[in-house]
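Walk me through this structure in a few paragraphs. I would like to know about its disulfide bonding, its strand pairing and its nonpolar interior.

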Amino acid sequence: AGPNTYLAAPSAQRAQAGLVDPNGSPLGSASFVEQRQNVRIEITVIKLPPGTHGVHLHAVGTCAGPDFGSAGPHFNPTGAVHGIANPKGPHAGDLPNLEVQSDGRGTLVAFTSLVDLAPGASQSLLRSGGTAIVVHASADDDKTDPSGNSGARIACGVIKKVG
C-alpha cells in the first residue's frame, strides 16, 4: 500500500471549493493548503442561518440540489466511526463546527492530519471522483454515527485543485 502518507513530505498542493446553497447561489468558500503535518482548511460563509453548523468532507465531488445527497457519505477511507469525540472515530471528513453570527457570516479554520492533497494518496481529497465540503443545518454532536445528528445539508462545494 506504499509509504505512510502522513509522514511523507507534503505535496505543496492547494485546493478550494466554492460553497453554494441548494439553488446554486454562492454562500462562501473553502480553501485547503497542505502543510508539513496536516492540511489547513479555512471556510468563510455569508448568508447562512445564525448558530452552530456541522461541517464535513464528503466522499463524492458532486453538489446537486436540493439536498446535496449527491455528495455521498462522509469521506472515510479508513472505515472509522463518526465523531471527533467518538473513541472509534473520527471519519477523515469530520471537522469542527462552524459558528455563524447574527449577520449570517462565519469563519472556521481547522487543521487535520487525516486527509491530504497529494495526488494518488489514499487519504487525498483530490482523488478520482472528487470530494466535497458540506455545511449542515445543525451542530455536529461529535459522536453520533454516521453524521453527528447535524441535520440537512444546506451548503456544498466541490473541492478542486488550485494551479
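There is one disulfide in this predicted model. Its partners are Cys-63 and Cys-156, with sulfur atoms 2.0 Å apart. The disulfide is left-handed, because the torsion about the S-S bond of Cys-63 and Cys-156 is about -65 degrees. Cys-63 sits in the loop between strand E5 (55-58) and strand E6 (98-100), and Cys-156 belongs to strand E9 (residues 153-158), so the pair ties together parts that are 93 residues apart in sequence. The two cysteines also have their own accessibility values. Cys-63 has 22% relative accessibility and therefore counts as partly exposed. Cys-156, at 0%, counts as buried.

The next topic is strand E1 and its partners. E1 covers residues 14-20, and its side chains alternate. On one face are Ala-15, Ala-17 and Leu-19, which are buried. Arg-14, Gln-16, Gly-18 and Val-20 point to the other face and are not buried.

E1 runs antiparallel to strand E2 (residues 26-34), and seven bridges join the two. Within this pairing, Gly-18 is opposite Ser-29 of E2. E1 and E2 make a hairpin with five residues between the strands, where Gly-24 adopts a positive phi near 90 degrees. E1 is also joined to strand E10 (residues 160-161), by two bridges and again in antiparallel fashion. Here Gln-16 stands opposite Lys-160 in E10. Gln-16 is one of the E1 residues whose side chains point to the face that is not buried.

That leaves the nonpolar interior. Which residues of the largest nonpolar core touch the most other members? They are Phe-32, Ile-43, Leu-57 and Ile-133, in a core of 27 residues. At least two residues of this core come from each of E1, E2, strand E3 (39-45), E5, E6, strand E8 (132-136) and E9. E3 supplies the largest share, four residues.

Leu-57 shows some of these contacts in detail. Leaving aside residues up to four places away in sequence, Leu-57 touches Phe-32, Ile-41, His-74, Phe-75, Ala-92, Gly-93, Leu-95, Val-115, Leu-125, Ala-132, Ile-133 and Ile-159. Two residues in that list, Phe-32 and Ile-133, are named with Leu-57 among those that touch the most other core members.

Apart from the largest core lies another, of five residues, including Phe-68, Ala-71, Val-134 and Cys-156. Cys-156 thus appears twice in this account: it belongs to this core, and its sulfur is bonded to that of Cys-63 in the disulfide.

Notes. Residues numbered from 1 in each chain as written. Predicted model: local features only at pLDDT ≥ 70, side-chain atom pairs only at ≥ 80, totals over all residues. Heavy atoms only, no water. Disulfide = S-S within 2.5 Å. Buried < 20%, exposed > 50% of the residue type's maximum accessible area, 1.4 Å probe, protein only. Pairing = 2+ DSSP bridges. Core = buried A, V, L, I, M, F, W, Y, C linked by side-chain atoms within 4.5 Å. Contact = heavy atoms within 4.5 Å.
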